[in-house]
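Trainee: I'd like to go through this one with you, starting with the DNA and ending with the sheet. Can we take it step by step?

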Number of protein chains: 2
Amino acid sequence: MVASRDSGDPRARKVPTMADVAREAGVSSTTVSFVINNRVDQSISAQTRRRVLEVVEALGYRPNRAARNLQAQRTATIGYLSNERADNPFSGQSIAGAHDSAWKHGTALLVVNTTRDTERLLAGINDLLDRRVDAILFAAVGTRRVILPGLLSNVPTVLVNCYLPDDSLPCALPDDEGGGYAATRLLLDAGHREIAYLAGRPGAWATRARLRGYRRALTEHGLDPKQQIVRFGNYMADSGYDLTREVLAGPVLPTALLCGNDRMALGAYLALGEAGLRVPQDMSVVGYDDQPTLAGEVHPRLSTVRLPYYRMGWWAAEQLLSHQVGRLPPQTLIAAEVVPRDSVAAPRASTPPPTSG
Amino acid sequence: MVASRDSGDPRARKVPTMADVAREAGVSSTTVSFVINNRVDQSISAQTRRRVLEVVEALGYRPNRAARNLQAQRTATIGYLSNERADNPFSGQSIAGAHDSAWKHGTALLVVNTTRDTERLLAGINDLLDRRVDAILFAAVGTRRVILPGLLSNVPTVLVNCYLPDDSLPCALPDDEGGGYAATRLLLDAGHREIAYLAGRPGAWATRARLRGYRRALTEHGLDPKQQIVRFGNYMADSGYDLTREVLAGPVLPTALLCGNDRMALGAYLALGEAGLRVPQDMSVVGYDDQPTLAGEVHPRLSTVRLPYYRMGWWAAEQLLSHQVGRLPPQTLIAAEVVPRDSVAAPRASTPPPTSG
DNA sequence: CTGTTAGCGCCTTCAG
DNA sequence: CTGAAGGCGCTAACAG
């Protein structure tokens with residue numbers, strides 16, 4: 001419920017300025033400024049300070065940031081620029097991470113979505129530059145390589161979820177190899193030896209990284225990756241469904257399905273259900289992403305690996321706001337942690353591996 | 001790839017000011033201002049205009065918005081304030097809608113997430129006010145009633161996905177009654193007469209509205225809502241799963257399941273699969289929300305109703321930026337459109353209704 | 001058609 | 001311990 005201050009239209013009452021406070025308190029505006037900003041290098045008598053603060057309170061004075069921005073040559077604002085419309089289930093997390101870090105530093109977040117169009121990207125950067133943001137965080141919706149205009153070298157910039165061909169700007173990337181490794185270990189440690197990998201879109205950065213992790217985990221366990229079933233899909237639930245049916249129709253039945261992401265795992269759930277197989281009793285399933293309102297809610301709750309969107313956003317803003325950008329390595333991997341839930345169990349019976357050589 | 005303008009550190013080269021342009025072009029800064037802003041009420045000789053533009057180009061001059069903001073007493077910025085951390089799968093859509101509208105108007109979006117804490121909310125509003133945003137869009141993550149501090153009457157404000165007890169601020173709300181009605185009609189039109197409603201959390205605004213729509217559609221079709229199965233859950237997939245099992249175990253089997261949201265529909269899919277029932281051959285299912293990367297991807301693709309997050313955000317920003325706020329009704333319903341996909345078919349056999357009276 | 005002057009609201013020298 | 005003066009970069013008002 002909003003109680004109108006007065007019956008007139010909003011902002012009718014002139015908002016008090018520092019000069020108003022000064023006049024009312026019988027001091028100069030310089031003094032007011034010192035009090036407002038708690039300047040310790042200046043000594044203000046307790047007397048004066050108190051009077052100023054009283055007037056500030058009485059008038060409801062608040063400093064005008066627009067004026068302060070002009071004079072300070074900084075705006076306590078960082079630009080969050082995304083490479084496409086940030087409306088997927090994860091983008092909010094990355095924005096929230098950047099936001100929370102910024103807020104902690106008394107800084108605001110200006111969000112600008114671009115399209116995949118270069119013109120638009122340029123316009124977005126220019127707008128941010130014109131507004132004199134202190135720094136820019138450029139975020140991609142899906143992990144990828146990007147090409148960016150040189151304009152960005154005019155302001156501290158950190159990349160999130162993407163990287164430049166020449167690594168000329170520091171970036172935060174999800175540790176998908178580590179994630180793939182951890183996901184595989186989860187299954188290995190539960191006793192599985194036949195772990196089919198229902199991978200995502202072939203060629204994608206994430207797909208390749210996760211696959212590397214998968215292979216490394218297998219190898220470390222003395223298993224030959226070449227002996228395992230690996231199929232590629234497209235990261236959509238349907239492809240998980242189709243791939244699972246293919247695998248179920250195949251000659252060798254794995255005891256676990258490692259999926260490219262949670263949506264594919266969901267497709268696997270559906271196909272498994274149709275085939276009369278139970279998760280995890282008949283088949284263990286592991287996803288990837290920890291997709292909000294999905295992974296933790298399906299039945300049985302899906303074991304998965306959390307994509308560190310929030311933390312990437314947070315980390316990038318932290319670097320920007322603590323002026324670390326110059327000292328950063330080209331790429332920083334942010335851990336993707338395993339979220340063990342209910343979709344993994346020990347394999348039913350220890351079936352012998354496809355080849356015992 | 002970023003090509004550094006020069007080898008020094010960023011911003012080393014002083015960015016040119018309007019005075020620089022004026023000096024270089026041999027005119028006054030007023031003239032430069034007129035040219036830059038394309039002021040039609042002022043007449044500038046083509047000669048002068050061209051020279052100024054050349055210098056602007058040569059120096060790479062761009063107006064400093066911070067300075068302009070101070071002088072213009074407006075910032076071409078609107079604040080997007082959310083009642084809690086906007087990191088769910090939908091919040092990005094609402095931000096994107098507001099953003100796209102703002103961008104069209106040459107306006108930027110300052111995003112501030114608050115927590116459910118009043119202190120923090122107050123701090124967020126004050127920050128936005130201090131920064132002299134031209135307007136504020138207050139968005140709730142889930143549709144609900146809210147209480148807001150009177151501070152907001154100092155700036156044009158529109159609410160999204162929430163409303164005030166006294167309707168003193170205009171708001172955009174999803175037309176969930178219309179959505180519930182449309183979803184039910186989808187099933188009715190396909191020939192279903194026994195439509196169980198697996199509703200969401202009892203008492204929630206959305207639940208009540210959708211239920212009203214459901215009942216209205218039934219009644220219009222000469223069906224008695226009281227004869228239908230209605231169960232309440234909590235909007236999570238698990239409750240859809242549990243409720244579906246309950247219904248399947250019951251004495252009367254409906255031919256269709258109308259679910260409180262897509263996650264519950266997903267739970268229904270899982271339970272149905274386990275029971276050996278196929279969607280839509282054995283049971284039609286309709287969800288609600290059109291949850292991104294979920295509804296359109298499950299197998300079969302889920303028929304649902306799209307929650308108008310993007311459009312609510314867009315609409316609110318439009319009102320704010322076209323100064324319509326004063327003329328708005330207390331509540332504006334934004335249509336929630338049906339998205340027919342593959343999870344609805346005609347009922348297998350026309351079983352007689354539970355009671356034929 | 002163009003220039004001069006003043007001021008948006010704040011902060012930072014530099015004097016007292 | 002406090003005040004006066006000047007300027008951040010831009011635009012509006014008023015001359016000429």
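Mentor: Sure, and one definition before we start: Ala, Val, Leu, Ile, Met, Phe, Trp, Tyr, Cys and Pro count as nonpolar, Asp, Glu, Lys and Arg as charged, and the others, Gly among them, as polar. Keep in mind too that this is a predicted model.

Trainee: With those classes, how many charged residues does the surface near DNA strand C have?

Mentor: Begin with the residues around DNA strand C: there are 25, and the closest are A:Met18, A:Asn64, A:Ala67, B:Ser43 and B:Gln71. By class, nine are nonpolar and 15 are polar. The charged count near DNA strand C is one.

Trainee: Which element gives the largest share of the surface near DNA strand C?

Mentor: The elements giving two or more residues there are α2 (29–36) and α4 (65–72) of chain A, together with α2 (29–36) and α4 (65–72) of chain B. The largest share is five residues, and it comes from α4(A).

Trainee: And DNA strand D, which residues come nearest to that one?

Mentor: The surface near DNA strand D draws two or more residues from each of α2 and α4 of chain A and α2 and α4 of chain B. It divides into eight nonpolar, 15 polar and one charged. Of the 24 residues around DNA strand D, the nearest are A:Ser43, A:Thr48, A:Gln71, B:Met18 and B:Asn64.

Trainee: What kind of axis relates the two protein chains?

Mentor: Chain B superposes on chain A with an RMSD of 0.0 Å after a rotation of 180°. The shift along the axis is 0.0 Å. That is therefore the relation of a two-fold axis.

Trainee: Which residue of chain B comes closest to that rotation axis?

Mentor: Go by C-alpha positions here. At 1.9 Å from the axis, the residue you want is B:Pro89.

Trainee: Why can we say the copies meet through the same surface?

Mentor: In terms of contacts, 69 residues of chain B touch 70 residues of chain A. The interface residues of chain B are also interface residues in chain A, so the copies meet through the same surface, and the overlap is 100%.

Trainee: Which element gives the largest share of chain B's side of that interface?

Mentor: The elements of chain B giving two or more residues are α4, α5 (91–104), β2 (108–113), α6 (118–130), α9 (237–249) and α10 (262–274). By class, that side has 35 nonpolar, 19 polar and 15 charged residues. The largest share is seven residues, from α10(B).

Trainee: In what sense do β2(A) and β2(B) pair, parallel or antiparallel?

Mentor: Look at A:Val111, which stands opposite B:Leu109 in β2(B). There are three bridges between the two strands, and the sense is antiparallel.

Trainee: Which are the edge strands of the sheet they belong to?

Mentor: The sheet is open, has 12 strands with mixed pairing, and runs in the order β11(A)-β5(A)-β4(A)-β3(A)-β1(A)-β2(A)-β2(B)-β1(B)-β3(B)-β4(B)-β5(B)-β11(B). An edge strand here pairs on one side only, and those strands are β11 (331–334) of chain A and β11 (331–334) of chain B.

Trainee: What is the bridge partner of B:Ser82 in β3(B)?

Mentor: Strands β1 (residues 77–82) and β3 (residues 135–145) of chain B run parallel, joined by five bridges. The partner of B:Ser82 in β3(B) is B:Ala139.

Trainee: Last one: at about what angle does helix α11 of chain B run to β4(B)?

Mentor: Helix α11 (residues 309–321) of chain B lies across β1, β3, β4 (157–163), β5 (171–174) and β11 of chain B. Its angle to β4(B) is about 155°.

How values were computed
Residues are numbered from 1 along each chain as its sequence is written. Chains are lettered from A and ligands numbered from 1 in the order in which they are written. This is a predicted model: local features need pLDDT of at least 70, side-chain atom pairs count only at pLDDT 80 or more; totals for chains, interfaces and linings use all residues. Copies are superposed by least squares on the C-alpha atoms of residues with pLDDT of at least 70 in both. Two residues are in contact if their C-beta atoms, placed from the backbone, lie within 7 Å. A residue is near a molecule or strand if its C-beta atom, placed from the backbone, lies within 6 Å of it. Helices (H or I, at least four residues) and strands (E, at least two) are DSSP runs, numbered from the N terminus. Two strands pair if DSSP finds at least two bridges between them. Axes are lines fitted to C-alpha atoms, for helices over the stretch in contact, and angles run from 0 to 180 degrees between N-to-C directions.
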